[in-house]
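Here are my notes for you, written as a numbered list. Keep the viewer open and find each piece as you read.

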Amino acid sequence: MPTSRTSLATTIATAIACLGAAGTSSAFAAEIKLNQLGFLPGAAKVAVVPAAGTTAGATAFSVIRAGSGAVVQQGALGAAKASPDSGDTVRLADFSSLTTPGRYQLRVAGMPDSLPFEVASGAYQALNVGALRAYYYNRAGIALDAKHAGAYARAAGHPDTNVMVHASAASTARPAGTIIASPKGWYDAGDYNKYIVNSGIATSTLLAAWEDFPAFFQSQALNIPESGNGIPDILNETLWNLEWMLTMQDPDDGGVYHKLTDKKFDGAVMPADARQQRYVVQKTTAAALDFAATMATASRVLAPYDKQLPGMAARMRTAAEQAWRWANANPAAYYQQPDDIKTGEYGDKDLRDEFGWAAAELFITTGDPAYYQAMQAPSLNATVPSWGEVGGLAWLSLARHRQHLNAVADQALIASRIDTLAGQLAAARQRSAYGYAMQTSDYVWGSNAVVLNQAMVLASAYRLTGKRAYLDAAQANFDAIMGRNAVDISFVTGFGTRSALHPHHRPSEADGIAAPVPGFVVGGPQPGREDQKNCKAQYPSALPARAYLDDECSYASNEVAINWNAPLVYVSAALQALTPAPGQ
């Protein structure tokens, strides 16, 4: 069993668990909540102050130097505002004018000083590295050695060189029981399976981060086995999954298997101890389209590295076009879970957005106007991306490449789609008591991914329009992940004074190490609480913004997933790259 954690976080987690079991509210309901990592000097800086905890009539706050207590700034608290999603009333403290690097705290009469926070020019660089390295820790088919993984070194699991074609995936050329090789890839989430649909959005979001911020990532060193090979490490890591994805395409017809999986989820064991037979399951339209979009993107991103990766970019473009043709010939091959398969589904029967996304990426890569026409742009909505709703990814890609598109593209429509969506999110932020864009309906399974994908849209809109309100809204959503939230926790393992300690993640559960594998964002609050019958610990609340349980059993609120980490990588890079210096 893991040894006890001896940090302050241990006491905090225990207190939360005990209070939750007693049916009471969070232990930190009366504390100031803010981004526990801190802020860039030129960033918007806002904290949430519980109105009920202040001395009667208190309307001001002070910024003090951590350690000395010297007051460096004072300000007025915003008006008290009720937050139905968290059941409290709060005020906002805006200290954006604090630009001098240093270590500080906030002070409000009647409550403890805030946790210390930094103002620093590289405030989010370590987090960005950590969020990317989480993918390395989740690699399949490779031993993690001490040189690269440190305390989290482990034996290899799931080589996937002996994968069986499931009856649902059988074809004349590959009948049921055929053995194929499908190595590499990332474990999808807390489990040990690999899914094309979710790999699509995760991998493409990392590629988008590179396309938008190449200067930031060019020198980003991750200490992974491929470091120093002449390819930026973000692309090195992404290649581990791209190469697996390529093996999931049937070479005979261009179709793509939906997933590579066990028949049932493994228990809480290390990868090397999980030895079920593995299967590729059913070719689906969604998998083919997500594959096509991702490979079209990867082919243009990797084209400059043909010396290091001979023929890879061309191979990926060909694979994307083959998958596109298969999807158009099989437009309604929806995933249907076989009776003997009990793992995740990623099922989706509305594929208009997948067709639009794949067409957009192929249009950007090839310049062929036929793909733009196939996108059906006027009827394709721009929404906050998720694994099952990828239309927004099409518009984000078109916006980033707008200066180089074939003339058939409607530039005004592209700008309007992004600006309109970002405007809606910025307006939601203004209505929120906590000052970020989440609304009640956004507290779904993986709500933290919603927070981060909203921030990605907002950062992209800032790049497009230069509207500072969009950048500040992106910052606010990022702050929510890092501690400015109703449960007063950093949702990223290993980052922040009070961070998630017990993620639903098999290696973190089984490795015998006290601290969880770092760099993963956990799913976050969601009132469905589908796992509550499985957990001995109880959720502290059913309120949307408080329905979170930091327990290994909580797959509904505390699991990790590759598609949730990808926008964390994007947003932390975006804020570092885009936030102006003070006075600019």
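Which residue of β4 does S62 stand opposite? Have a look before you read on; the reply is in point 2.

1. One thing to keep in mind from the start: this is a predicted model. Treat what follows as a tour of that model.

2. Start with strands β3 and β4. S62 stands opposite Q74 in β4, which settles the opening question. Another pair to find is A60, which faces A76 in β4. Strand β3 covers residues 60–65 and strand β4 covers residues 71–76, and the two pair in the antiparallel sense over five bridges. Together β3 and β4 make a hairpin, with five residues between them. Click on G67 in that turn: its phi is positive, about 100°.

3. Now look at the other partner of β3. Strand β7 (residues 102–107) pairs with β3 over four bridges, again in the antiparallel sense. S62 turns up here too, since its bridge partner in β7 is R107. Put the two pairings side by side on screen: S62 has Q74 opposite it in β4, and R107 as its bridge partner in β7.

4. Zoom out to the sheet these strands belong to. It is an open sheet of five strands in the order β1-β8-β7-β3-β4, with mixed pairing. Its edge strands are β1 (38–39) and β4, each of which pairs on one side only. A general point to remember while you trace a strand: in a regular strand the side chains alternate between the two faces of the sheet.

5. There is also an open sheet of three strands, ordered β2-β6-β5, and its pairing is antiparallel. β2 (46–50) and β5 (81–83) are at the edges with a single partner strand each, so one side of each has no neighbour in the sheet. On average, neighbouring strands in this sheet are turned by 45° against each other, direction ignored. For a closer look, go to β5 and strand β6 (residues 88–94), which run antiparallel and are joined by three bridges. One residue to click on there is K81, whose bridge partner in β6 is V90.

6. On to the helices. Helix α4 (residues 196–212) packs with helix α6 (residues 233–247) at an angle of about 155°, and their axes are 10 Å apart. Because of that angle, α4 counts as roughly antiparallel to α6; the cut-off for that word is over 145 degrees. The crossing of α4 past α6 is left-handed.

7. Next, try the pair α13 and α14. Helix α14 (residues 468–481) packs with α13 at an angle of about 160°, with their axes 8 Å apart. These two helices are therefore roughly antiparallel to each other as well. α13 passes α14 in a left-handed crossing.

8. Where is there empty space? In general, rolling a probe the size of a water molecule over the atoms shows where it is left. The largest pocket holds about 710 Å³ of space. It is lined by 30 residues, and the closest to its centre are Y346, W387, W445, N563 and W564. The elements giving two or more residues to this lining are α13 (447–465) and α16 (562–578). Of these, α13 gives the most, with three residues. Sorted by class, the lining has 16 nonpolar, eight polar and six charged residues.

9. Now for the cavities. A search of the whole structure turns up four of 30 Å³ or more. The largest cavity has a volume of about 100 Å³. Among its 13 lining residues, S204, A208, L393, S397 and R400 are the closest to its centre. At least two lining residues come from each of α4, α7 (285–302), α9 (352–366) and α11 (391–400). The lining divides into five nonpolar, four polar and four charged residues.

10. Last stop: the second largest cavity, with about 80 Å³ of space. Its lining includes Y436, M438, Y443, S447, N448 and V451. What kinds of residue line this cavity, by class? Nine are nonpolar, three are polar and none is charged. α13 shows up once more, giving the most to this lining with three residues.

Note on methods. Residues numbered from 1 in each chain as written. Predicted model: local features only at pLDDT ≥ 70, side-chain atom pairs only at ≥ 80, totals over all residues. Heavy atoms only, no water. Pairing = 2+ DSSP bridges. 1 Å grid on protein atoms, 1.4 Å probe; cavity = no way out; pocket = protein on both sides within 12 Å on 5 of 7 lines; lining within 4 Å. Points joined across faces, edges and corners; volume = space filled by probe spheres on them. Nonpolar A, V, L, I, M, F, W, Y, C, P; charged D, E, K, R; others polar. Axes fitted to C-alpha atoms, helices over the stretch in contact; angles between N-to-C directions. Parallel < 35°, antiparallel > 145°, perpendicular 65-115°, else oblique. Left-handed = near helix turned anticlockwise from the far one by under 90°.
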